[in-house]
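Q: Several labels will be used for this protein. Please set each one against its definition.

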Amino acid sequence: MSFFHIVDKEEKKFDIINKKGKNHMKKNSNKKFWYFVGIGTLLIILMMIVSSIMQVGEHLKSVHEYAPYIFYGLSFLLVYFLIIRPVVIILFSPSFSIGTTLDKNPKREHKVYKKVAKRILEQEDLPEGMKKNLEDSMHDPYELRDALNNVYNKHLKKKLNKVIRQHAKTVMVSTAISQNGRLDFITVVVVNIKMIKEIVVLCGFRPSYRNLAKLVINVFVTALIAEGLENINLNDIIPTSTMKMLGEIPLIRPIMSSVIEGVSNALLTLRIGIVTRKYLFDDAPDLTKEKIRYGALIEAAKHLPIVIADGLFLFPKTIMNMFKSKEPKLEALDGGANPTE
């Protein structure tokens with residue numbers, strides 16, 4: 001082999017190593033960017049909440065000189081238990097991201113699967129057949145992969161969707177009643193953080209810090225939208241002829257405005273919950289950012305009628321039946337064979 005061939009070969013090796021090093025540095029810098037953005041967004045949320053608390057405290061000075069301090073103490077406890085503590089629980093949970101579809105090489109993920117299986121086995125309501133299947137499959141990566149896939153599709157996904165719908169209903173009812181932009185902002189933040197925490201606790205693991213940062217941004221944007229929906233103009237979304245007809249019915253405009261505001265916030269909360277679930281369980285090997293967003297919005301729209309039916313409990317039964325989903329449809333939505341649907 002000539003000298004030039006050796007030099008050329010070494011240059012190619014150097015180029016490959018250099019390219020890998022650049023890709024690694026790019027990934028690290030990308031992760032750091034999302035970390036800083038996530039932390040910054042969380043701090044902005046806390047500052048906005050503290051600002052609102054301070055404003056209320058100033059008004060309480062006219063009631064009694066010690067009233068603001070009592071209010072600040074209660075507010076601190078609420079912020080700690082409703083925001084700070086759930087965030088700490090999420091951050092200190094172990095991080096996994098497992099594929100529930102048929103991976104070509106489950107051997108390299110065997111340790112992860114075993115950890116996840118052990119956490120799922122701790123659930124008291126896990127069906128006996130699934131529990132036995134997981135225990136028997138613990139030492140075989142292929143069987144354990146299939147067992148986890150079965151538990152996710154037939155059991156865990158239903159529980160996660162139930163949690164997501166419950167919190168979406170809470171957001172819908174709360175924001176529809178409050179009619180206060182800043183209160184809606186705080187409600188959406190608190191409920192969404194609690195929802196993410198419950199999903200993490202239920203699964204026993206959290207998404208990566210990078211994906212958590214993205215979730216924080218999603219929660220912040222959703223809360224800002226909830227705050228802005230207070231000034232919603234029905235004329236922009238409902239035809240003029242319809243508005244004239246509805247205008248003859250007493251109190252219909254404020255009621256419709258409240259319902260539309262609550263439904264919009266519920267849809268966005270559903271989307272955040274589904275995105276969280278997809279971050280924890282990769283529903284497809286080729287799942288991309290665009291597919292996650294689009295798929296979460298489509299799935300959220302499917303869950304929305306069920307949330308509306310549960311939320312509009314003050315409306316006549318005939319109106320509720322228009323939204324209420326039949327049990328077979330609910331079963332297909334939660335326990336379908338394809339998690340991405």
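Q: What makes residues 33-57 helix or strand, and how far apart are the end C-alpha atoms?
A: Over residues 33-57 the chain is 100% helix and 0% strand, with 36 Å between the end C-alpha atoms. Helices here are DSSP runs of H or I with at least four residues, strands are runs of E with at least two, and both are numbered from the N terminus. This is a predicted model, in which local features need pLDDT of at least 70 and side-chain atom pairs count only at pLDDT 80 or more, while totals for chains, interfaces and linings use all residues. Residues are numbered from 1 along each chain as its sequence is written, and side-chain values use heavy atoms, with hydrogens and water left out.

Q: Which residues does UniProt list as "transmembrane region"?
A: The unreviewed UniProt entry lists residues 33-57 and 69-92. UniProt positions are given in the numbering used here, feature names are shortened, and annotations may be inferred rather than shown by experiment. In the model, residues 69-92 are 96% helix and 0% strand, and the end C-alpha atoms of that span lie 32 Å apart.

Q: How many helices and strands does the protein have?
A: The protein has 12 helices and 2 strands. Along the sequence their pattern is α-α-β-α-α-α-α-α-α-α-β-α-α-α.

Q: How do you know that the span of α7 agrees with its number of residues?
A: The expected span is 1.5 Å times one less than the number of residues. For the 20 residues of α7 that gives 28 Å, and the end C-alpha atoms are 29 Å apart, so the two agree.

Q: What does α5 reach, set against the span expected at 1.5 Å a residue?
A: Helix α5 (residues 141-178) has 38 residues and reaches 51 Å from its first C-alpha to its last, close to the expected 56 Å. A kink of about 45° in α5 is centred on Tyr152; the bend at a residue is the angle between axes fitted to the seven residues ending there and the seven starting there. At the start of α5, a side-chain oxygen of Asp140 comes within 2.9 Å of the backbone nitrogen of Tyr142. After α5 comes Gln179, whose phi is positive, near 55°.

Q: Why is Ala223 called buried?
A: Buried means under 20% relative accessible area, exposed over 50%, and partly exposed in between (1.4 Å probe, protein chains only). Ala223 has a relative accessible area of 0%, and therefore counts as buried. Ala223 lies in helix α7 (residues 209-228), where the buried residues include Leu215, Val219, Phe220 and Ala226. Of the 341 residues of the protein, 41% count as buried.

Q: Why does Leu42 count as partly exposed?
A: Leu42 has 24% relative accessibility, so Leu42 counts as partly exposed. Leu42 lies in helix α1 (residues 3-60).

Q: What makes Val87 and Val216 contacts of Leu42?
A: Contact means heavy atoms within 4.5 Å. Not counting residues up to four places away in sequence, Leu42 touches Val87 and Val216. Leu42 and Val216 are 174 residues apart in sequence, and their C-alpha atoms are 6.7 Å apart.

Q: Which residues are in contact with Ala223 and with Leu202, leaving aside neighbours within four places in sequence?
A: Ala223 is in contact with Phe185, Val188 and Val189. Leu202, in helix α6 (residues 181-203), is in contact with Gln123, Leu156, Lys159, Leu160 and Val163. The C-alpha atoms of Leu202 and Gln123 are 8.3 Å apart.

Note on methods:
Polar contact = N/O pair within 3.5 Å; in protein donor to acceptor, adjacent residues only side chain to side chain.
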